Amino acid sequence: MATPEAMAEGFDLRTLPPAFYEDPYPVYRLLRERWPVRRLPDGALFLTRWADLDQVYRDSRTFTSDKHAEFAPKFGATPLYEHHTTSLVFNDAPLHGRVRRLITGALTPRAIAGMEPALTALVDRLLDAMAARGEADLIEDFAAAIPVEVIGTLLGVPPEERGPLRGWSLAILGALEPALTPEAAARGNAAVSEFLAYLRGLVARRRAAPGDPATDVLTRLIAGEADGTRLSEAELLHNCIFLLNAGHETTTNLIGNGLEALLRFPAERARLLAEPGLIGSAVEEVLRFESSNQLGNRGVAADCEIGGVAVPAGTRLTLCIGAANRDPAHVADPERFDIARHPNRHLAFAAGPHQCAGLALARLEGRVAIGRFLARFPGYALAGPPVRGGRARFRGFLHLPARLG
Ligand code: HEM
């Protein structure tokens with residue numbers, strides 16, 4: 001049987017047993033306690049301590065996000081390679097900064113607050129539809145139905161054209177799993193090609209009829225910066241794909257993981273029902289306790305030291321956010337799910353120059369979706385076994401069947 005001890009002893013991201021996906025945290029704890037800077041069989045280092053992740057995320061000179069060298073043998077000359085190596089998240093300066101400024105300029109607190117009424121109306125429509133049936137799959141019918149609309153609106157994708165977005169996004173992100181199968185690579189490559197073809201048409205329409213640059217990210221990306229720096233066609237299209245993907249699965253999983261955690265910890269659910277004002281800190285606790293993005297990556301650009309271990313340039317790093325967020329050196333009583341936790345400085349959105357550019361939007365979606373769901377269906381219960389996504393990087397459920405009560 002795959003015990004946590006055995007899984008930690010032979011830890012290899014490419015061959016994780018089903019028990020790991022069910023509950024990776026005992027394995028992470030053993031790794032953090034015994035081998036916090038752990039060499040994996042493929043030569044990469046796996047980091048699990050909060051302080052080590054924080055150091056790496058904040059120092060983008062020593063720790064590079066550029067994936068050209070790493071992804072060339074993994075993906076070959078394919079659409080997936082072009083996509084990932086052109087996305088801001090997998091680049092350093094100057095491309096990273098140029099794209100990031102264009103995106104964050106349209107994700108201001110004011111622009112995000114302006115999205116709340118439409119988001120609330122969308123969530124209420126979904127709740128009405130579920131109430132009429134009495135039972136629902138909380139992922140398919142609710143959690144997954146929200147981010148696609150929000151990001152679709154952000155980029156101005158017409159509602160009737162949003163159907164394929166989630167499938168493309170899942171296929172592209174699926175190809176980032178530590179173990180890449182030929183089928184997953186084929187699905188990912190087809191998704192990038194179809195997505196590019198779709199976006200070429202969308203961009204042409206937006207060039208002909210620009211939107212409001214204060215709120216429309218696509219219009220901003222097309223226009224470029226005031227100093228005249230424009231994105232190339234490939235940079236524009238691939239960063240739109242990235243944005244659509246970044247905001248999808250992660251936020252779906254925040255909502256789904258939150259609804260599942262409140263089922264598993266009924267006392268915390270009762271507490272949130274009694275004090276709905278705790279929704280903000282409850283969302284932070286879901287982000288910490290069941291981080292939807294569990295793994296990050298960096299390359300070492302210069303010889304350095306991590307947690308007292310000398311690490312040469314050229315080493316690849318996997319940063320385990322799921323483990324760092326439960327590090328007792330940083331978090332008091334870390335295995336406890338506490339919706340009023342304070343302080344709660346987690347790394348679910350990473351830290352430093354690449355920290356999630358959509359974090360305020362993700363938090364808003366989490367608060368509105370989980371808060372309104374609970375107010376509407378305070379007695380919801382499982383109607384069947386939850387089905388996990390089975391991914392090490394993106395932690396969440398495919399299905400969460402529930403009776404709404
Ligand atoms: C719960 C939901 C989310 C989680 C857990 C999450 C997590 C993350 C993490 C960990 C990173 C850093 C990746 C790295 O550098 O290694 C990141 C980057 C990013 N995220 Fe999110 N994200 C979420 C939602 C969103 C949303 C809704 C958007 C878009 C509106 C978004 C847009 C981005 C962008 C553009 C980056 C790249 C930032 C950069 O490289 O400078 N994310 N996200």
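**Figure 1. Arginine 166 is a buried residue of the predicted model.** With a relative accessibility of 19%, arginine 166 counts as buried, because the limit for a buried residue is under 20% relative accessible area. The model shown here and in the following views is predicted. Arginine 166 belongs to helix H11, which covers residues 165-174. When residues up to four places away in sequence are left aside, arginine 166 touches Ile139, Glu140, Ala144, His248, Glu249 and Thr252.

**Figure 2. The protein chain as a whole gives the setting for the close-up views.** The protein chain contains 19 helices and 12 strands. Its radius of gyration is 21 Å, close to the 22 Å that the globule rule gives for 405 residues, so the chain is as compact as a globular protein of that length. Taken along the principal axes, the box filled by the C-alpha atoms is roughly 60 × 55 × 40 Å. Of the 405 residues in the protein chain, 54% are buried. Among contacts with a separation of 6 or more, 72% are between residues 24 or more positions apart.

**Figure 3. The surface and the charges of the protein chain are summarised here.** About 16400 Å² of the protein chain is exposed, and carbon and sulfur atoms supply 57% of this area. The chain carries 45 positive and 47 negative charges, and the mean positions of these two sets are 2 Å apart.

**Figure 4. The largest nonpolar core has 93 residues.** The residues with the most contacts inside this core are Met130, Leu138, Phe142, Ile146, Leu199, Phe373 and Tyr380. Helix H19, residues 359-376, gives the most to the core, with nine residues. Another core, of 19 residues, lies apart from it, and its members include Leu45, Leu53, Ile321 and Ala350. In soluble globular proteins, nonpolar side chains tend to be buried together.

**Figure 5. Phenylalanine 373 is shown with the residues that it touches.** Not counting residues up to four places away in sequence, phenylalanine 373 is in contact with Leu127, Met130, Leu138, Phe142, Leu259, Val368, Tyr380 and Leu404. Phe373 is also one of the residues with the most contacts inside the largest nonpolar core.

**Figure 6. Two cis peptide bonds precede proline residues, at proline 94 and at proline 343.** The bond from alanine 93 to proline 94 is cis, and its omega is near 5 degrees. Proline 94 lies in the loop that runs between helix H6 (79-86) and helix H7 (95-106). Histidine 342 and proline 343 are likewise joined by a cis peptide bond, with omega of about 0 degrees. Proline 343 is placed in the loop between helix H18 (321-324) and H19.

**Figure 7. Aspartate 333 and alanine 350 each have a positive phi value.** Phi of aspartate 333 is near 50 degrees, a positive value in a residue other than glycine. Aspartate 333 is found in the loop between H18 and H19, and its relative accessible area of 49% makes this residue partly exposed. Phi of alanine 350, which is also a residue other than glycine, is near 65 degrees. Alanine 350 lies in the loop between H18 and H19. At 13% relative accessibility, alanine 350 counts as buried, and Ala350 is among the members of the core of 19 residues.

Conventions: Residues are numbered from 1 along each chain as its sequence is written. This is a predicted model: local features need pLDDT of at least 70, side-chain atom pairs count only at pLDDT 80 or more; totals for chains, interfaces and linings use all residues. Side-chain values use heavy atoms; hydrogens and water are left out. Helices (H or I, at least four residues) and strands (E, at least two) are DSSP runs, numbered from the N terminus. The radius of gyration is taken over C-alpha atoms; the globule rule is 2.2 Å times the number of residues to the power 0.38. Buried means under 20% relative accessible area, exposed over 50%, partly exposed in between (1.4 Å probe, protein chains only). Contact means heavy atoms within 4.5 Å. Accessible areas come from the Shrake-Rupley method with a 1.4 Å probe; for residues, only the protein chains shown count as cover. Lys and Arg count as positive and Asp and Glu as negative; His and the chain ends are not counted. The place of a charge is taken as NZ of Lys, CZ of Arg, CG of Asp or CD of Glu. A nonpolar core is a set of buried Ala, Val, Leu, Ile, Met, Phe, Trp, Tyr and Cys residues joined through side-chain atoms within 4.5 Å.
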